[in-house]
Amino acid sequence: IDTAIIQRTELSLTLNLILENLLPQLQVDAADILLYEPAAQELHYAAGRGFRSSALQHTRLRLDEGCAGRVATERQVVHLSNLRERKTSFLRSPLFASEEFETYIGIPLTVKEELEGVLEIFQRAPLDPSPGWMEFLESLATQAAISIDNASLFDGLQRANQEIVRAYDSTLEGWARALELRDLETAGHTQRVVGLTLRLARAMGISEVDLEQVRRGALLHDIGKMVVPDGILQKPGPLTETEREIMRQHPVHAYEILSPIQFLRPALDIPYCHHEKWDGTGYPRGLKGEEIPLVARIFAVVDVWDALTSDRSYRKAWPREKALAYLREQSGSHFDPQVVEFFIRVLDGGK
């Protein structure tokens, strides 16, 4: 039981392990564990062993109901005999009579005076526990309470971590929207390329764990343009050579903005490398072939595809076949040929 708790085994497995040991060690017929829900002020069935029916599996009790409620409220052991003769709210199910229990012992499960639940013992004969028997029951109750408390702490930590990740991602999406507000021609571009990049990355075998970083990198692919002056970013006509050189620095600016943020370092490949080319003529570092991270090679195809098939002030969107022809033409020079092949399959529905 200690090992199960230390290894953070799933709570239901740990509780069942406790009950599996409890029945033969204490030589009782049945037992169950009810968990306490502070928000609802209720106890609900979590695990049970030794019952002939499902009589107690749907138990849900307020703290002012039944023997378990009394155990939880008084934080004391409750020992009842002659159950068959008692007509109380303890009989939580019409099927309970068929169990033919004679004795009930309920013990509160607490950690640092905080209620975690109730452990219930049932016997189909009179039961007069010795001090040693009760000591062993209390030890098992302590183990059960610790396992429940650990599971609650772990669940709370996971929820807090998920909330932090959601907050981070909301911030990233805000950054992406802010950039699109500066460059109205690219409105909607980010959301489109994120979705298509994830489809292509998944088709090429990128793991689900890594896809989250791919999504963040795609969201932030043009974050370096935050540093580019409006006069260049929003210029309606062609850029001068000097202006082009300033624009080409935006992947470097992306690296400078994102690399100090440890959370975003795994997502840097796309913002930093998506303008590199397969033949080594790209920027900012002139990487060639497989020197370019795979996710950046994937994104490069998607980014150009979306740019070609979207309206711009200087041209109308290209037809699908013309854009596909361009990708094929640039395969092996601008783009990784294998990525282009997979991209066309994805567009064709995986054929």
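Which strands does helix α3 (residues 66-74) lie across? The legends below answer this question and then turn to further close-up views of the model, which is predicted.

**View 1. Helices α3 and α2 lie across strands of the sheet.** Helix α3, formed by residues 66-74, lies across β1, β2, β3, β4, β5 (103-111) and β6. The direction of α3 is at about 35° to that of β5. Helix α2 (residues 11-26) lies across β1 (30-37), β2 and β6 (114-123). With respect to β2, helix α2 runs at about 60°.

**View 2. Six strands form an open sheet with antiparallel pairing.** From one side to the other, the order of the 6 strands is β3-β2-β1-β6-β5-β4. The edges are formed by β3 (60-62) and β4 (78-80), each of which pairs on one side only. On average, neighbouring strands of this sheet are turned by 25° against each other, direction ignored. In a regular strand, side chains alternate between the two faces of the sheet.

**View 3. Strand β3 is joined to β2 at one edge of the sheet.** Strand β2 comprises residues 42-49, and 3 bridges join β2 to β3. These two strands run antiparallel. Within this view, Leu43 stands opposite Leu61 in β3.

**View 4. Strand β5 pairs with both β4 and β6.** The pairing of β4 with β5 is antiparallel and extends over 3 bridges. In β5, Ile105 is the bridge partner of His79. The pairing of β5 with β6 is also antiparallel, and here there are 9 bridges. Gly106 stands opposite Glu120 in β6. The hairpin of β5 and β6 has 2 residues between the strands, and in this hairpin Lys112 takes a positive phi near 50°. Strand β5 is mostly covered, with 8 of its 9 residues buried.

**View 5. Tyr168 and Phe263 form a stacked pair of rings.** The ring centres of Tyr168 and Phe263 are 4.0 Å apart and the planes meet at 15°, so the pair is stacked. Tyr168 belongs to helix α4 (residues 131-182), whereas Phe263 is in the loop between α9 (250-258) and α10 (269-273). The pair thus links distant parts of the chain, the two residues being 95 residues apart. Tyr168 is partly exposed, its relative accessible area being 35%. Phe263 is also partly exposed, with a value of 23%.

**View 6. Further aromatic rings take part in a cluster or lie beneath a charge.** A search of the whole structure finds 8 aromatic pairs. Ring pairs link Phe51, Phe101, Tyr104 and Phe122 into a cluster. The charged end of Lys322 sits over the ring of Trp318, at 4.3 Å from the ring centre. Likewise, the charged end of Arg345 sits over the ring of Phe342, 4.8 Å from the centre of that ring.

**View 7. The buried residues of helix α9 line one face.** In α9, the buried residues are His250, Pro251, His253, Ala254 and Leu258. Seen down the axis of the helix, these residues fall within an arc of 155°, so they line one face of α9.

**View 8. Ile1 makes contact with residues beyond its neighbours in sequence.** Ile1 is placed in the segment before α1 (2-6). Neighbours within four places in sequence aside, the contacts of Ile1 are Leu17, Ile18, Asn21, Leu140 and Gln143. Although Ile1 and Leu140 are 139 residues apart along the chain, their C-alpha atoms are separated by 9.0 Å. Ile1 is partly exposed, with a relative accessible area of 24%.

Methods
Residues numbered from 1 in each chain as written. Predicted model: local features only at pLDDT ≥ 70, side-chain atom pairs only at ≥ 80, totals over all residues. Heavy atoms only, no water. Pairing = 2+ DSSP bridges. Helix = DSSP H or I, 4+ residues; strand = E, 2+ residues; numbered from the N terminus. Axes fitted to C-alpha atoms, helices over the stretch in contact; angles between N-to-C directions. Contact = heavy atoms within 4.5 Å. Phe/Tyr/Trp six-rings, centres within 6.5 Å; stacked < 30°, edge-to-face > 60°. Buried < 20%, exposed > 50% of the residue type's maximum accessible area, 1.4 Å probe, protein only. Lys NZ or Arg CZ within 6 Å of the ring centre and 35° of its normal. Arc of directions from axis to C-beta.
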